[in-house]
Amino acid sequence: MSGSPAPRRPLPPVAIVIGVLFFFGLLGLMIYGVMKSDDPQRDVLPSALIDRPAPAFALPVLHEPSLTVRSEELRGAPYLLNVWGSWCAACRDEHPVLTRFAETKRVRVIGYNWKDEPADALHWLEQLGNPFMVVLSDVEGRTAIDWGVSAAPETFLVDGSGVVRWKYSGAMTQAVVDQKLIPALERIEKAQADAGNALHTAP
Amino acid sequence: MLPELGQILLLTALLAALLQSGLPLLGAHRGIAAWMQVARPAALAQLLLVAGAFGVLTAAFVQQDFSVRYVAENSNSLLPMVYRWSAVWGAHEGSLLLWALVLAAWTGAVALGSQRLPDTVQARVLGVMGLVSIGFLAFLIFTSNPFARLLPAPLEGRDLNPLLQDPGLIIHPPMLYLGYVGFSVPFAFAIAALLDGRVDTRWVRWTRPWTNVAWAFLTVGIALGSWWAYYELGWGGWWFWDPVENASFMPWLAGAALIHSQAVTEKRGSFASWTLLLAIAAFALSLLGTFLVRSGVLTSVHSFAADPSRGLFILVFLAVLVGGALALYAWRAGSLDVDSADPRRGFTATSRETLLLANNLLLASACAMVLLGTLYPLLADALGLGKISVGPPYFGSLFLLLMAPMVLLLPFGPLVKWQRDQPSRVVATLAPWLALAVLLGALAWWQAPQNGWKVGLGIAAAAWVTFGTARFIWLRLRGNGRFTAEMAGMLLGHAGVAVFLVGALLVEALNVQREVALAPGASVTVAGHEIRFEGVDHREGANFSADRGHLRVFRDGRERALLHPEKRQYASGGQVMTEAGIDARLSGDVYVAMGEPLGNNAWAVRVHIKPFVRWVWLGALLMALGGLVAAADRRFRRP
């Protein structure tokens, strides 16, 4: 050592406080980021459709193309619209989850077959089972543009008055169904029940 | 059997790293020479063990052992041999193993090259590097084991991400890691100095070449990544301010500041504690970069698997290491034993020290600006301010604002004397050259076909830096005519800045882009280049099939090039990749990328004319070369 006592010039307390705040602020932000990093929805922009009327459509039924289903005809009770295609690998992953949910018969599950060859789509359903009450076919994909679909699978929950209440992009897992879809459905059912009560109590 | 051996090698390497850090650090604290001497053999043993594990994983790829999960997920029987080698670092586990290998290699190099240092310093430097190794090896073994089996073994692997099947991407990660990890040497030195309680000029001199080499590798790594994005992504840009580009750019900026402040500390004894803080910051930012890329906290093309347990592990490690270093700094930096009677210290406002201080402040501000912009979307999300993305308008304008004074001051740096100088003398030397640079800029403005002020700015800035650098060379030649390697490196680096300025500003100003539909035989003229589309044929690659376009480029009626852009479909995943067709010249690139087929053999084709874009990477390579040449100075090898 040099022999002479070291000149002590400790860091100013302000610098230390700022440094500590900055460090822990950054750390907190990183922890927040890490906890969210497994959420596939984190980069999905909130759909502009939420709490707005679902875009109108009139589409042929996949199994019976001479029949056309119009969006107005679905009013009255909530329904789940699932966008899928036989070309979509993630839809295959989602299929068992969707089937399990559809089997509970809590809500009508409508398939929206997007940009697909009807023959391929029918073959796919034959192979994996058909969870849908009805499948609508849209070979050209016009309706998907109105709904703002960017990729399959996507799932929309529409309430009885035709308003979109919930949306999920990507393959739903059981956790998504249990923690997101069912609560959203419960809210719709509760709102409906409240509206019903209000109607009854009205003179 | 081999993968199990790899696992055993990794575990043994962890033990070696524990030995390499625990005993020497304690020994240095208590003054036990025998414990300190463990550091070197332990570091070399760790290097051998990690290299062995890396070799085992490489062998598994070359032999296509799909019973190893990592191989099955990132290889395929159709994968060409060269990519089987590089697929080792094609995804999360393997690239971490590469990280650990590069760290072990740097540690080994330090172990062999640090004999001149006092025993305590050597033990502490190797001990701190061992601590970093422990973290990464534990991360590998406990959360990201590359040797995990997949039984029963699949018959076929899933294939390497086609984006990574490219020569540029073979060497991009190793170069980048050599840079990132190389900053662990100045970091370890800073911790050793803080533990020791003094900053010795000789130790600073000893770390300088290591910092320079690390920074040079990082420069090459970033340039390669930029070059790859340019020709592979098909967008024609060379820098996108993508979170992951920013993650590598932040340590680069801190490293550039560190190179300069280390020079002051070594030669003049000033800025000692600032140099230590910068050394900690450069490596902390390297770790932060690795964390941001690996954890999937920020989405980008680079994030592999998003698994919160992995992210948390590396975050805890990062927080302990960096937090510990900063706490040590806060505790000890004030009482560092700096010789305040040193006659070399002290400087006036008009001195080289002041200019280097300005350099450091500007580079540090640019680094903070990039950090803020990169993390702001996450911050906004956390505070419930909605989904925000920060893009080129923010980064571009702020960066320009911060770098403009940097460029203006750069030529003064080498010409101004240490401690005090007559400002009038230097200004008189450089004023005519500044005037000439401005004149050239004005000429360019007047001549430019578009974006005149940007062209003028680019030419003026590049000319100013070139003239300033040349003026310094002229002064030396007229003097004793001697150039040390350190000085030559500095001049090369500054010339690199000038070349880079030409590329970055002129391509931004003069870039022309057209999207056209072309039927076979049709042609389009873009910025004086006639591009004739001759049709598309089909080509089978090893593991892809491609639609290959044939386009002839004419300039002034003479044929300049035949380009073959491709649209490839990979057999295993069905992913579609574009390969741009590029006629590369120093004066500018003609860049063609295939869009969609439009029927009747017509195709959508994107044509870019990119004047001077090569100068961007050429400038970066010159800067890197400067770093390497400076590191070779004989003075650094003196005891």
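Hi everyone, this is a short walk through the structure shown above, chain A and then chain B. Keep in mind as we go that this is a predicted model.

Let's begin with chain A. Its residues are divided into domain 1, covering 8–38, and domain 2, covering 58–201. Taken over C-alpha atoms, the centres of these two domains of chain A are 46 Å apart.

Chain A also has a sheet to look at. Five strands make an open sheet, and reading across you meet β5-β4-β3-β6-β7, with mixed pairing. At the edges sit β5 (134–138) and β7 (164–169) of chain A, each pairing on one side only. Neighbouring strands in this sheet are turned by 20° against each other on average, ignoring direction.

Let's zoom in on one pair. Strands β3 (residues 79–84) and β4 (residues 108–114) of chain A run parallel and are joined by 6 bridges. If you want a spot to find on screen, look for L81(A), whose bridge partner in β4(A) is I110(A).

Now over to chain B. Here we have 20 helices and 10 strands. The C-alpha atoms fill a box of roughly 80 × 75 × 55 Å along the principal axes. A compact globule of 639 residues would have a radius of gyration near 26 Å, and chain B agrees, with 26 Å. Of those 639 residues, 51% are buried.

One helix to pick out is α19 of chain B, residues 485–510. At 1.5 Å a residue, its 26 residues should span 38 Å, and the end C-alpha atoms are 37 Å apart, which agrees. In α19(B), 23 of the 26 residues are buried, so this helix is largely enclosed by the rest of the structure.

Thanks for listening!

Methods
Residues numbered from 1 in each chain as written. Chains lettered and ligands numbered in written order. Predicted model: local features only at pLDDT ≥ 70, side-chain atom pairs only at ≥ 80, totals over all residues. Helix = DSSP H or I, 4+ residues; strand = E, 2+ residues; numbered from the N terminus. Expected span 1.5 Å × (residues − 1). Buried ≥ 20, exposed ≤ 12 C-beta atoms within 10 Å, placed from the backbone. Domains from an automatic or database assignment. Pairing = 2+ DSSP bridges. Axes fitted to C-alpha atoms, helices over the stretch in contact; angles between N-to-C directions. Rg over C-alpha atoms; globule rule 2.2 N^0.38 Å.
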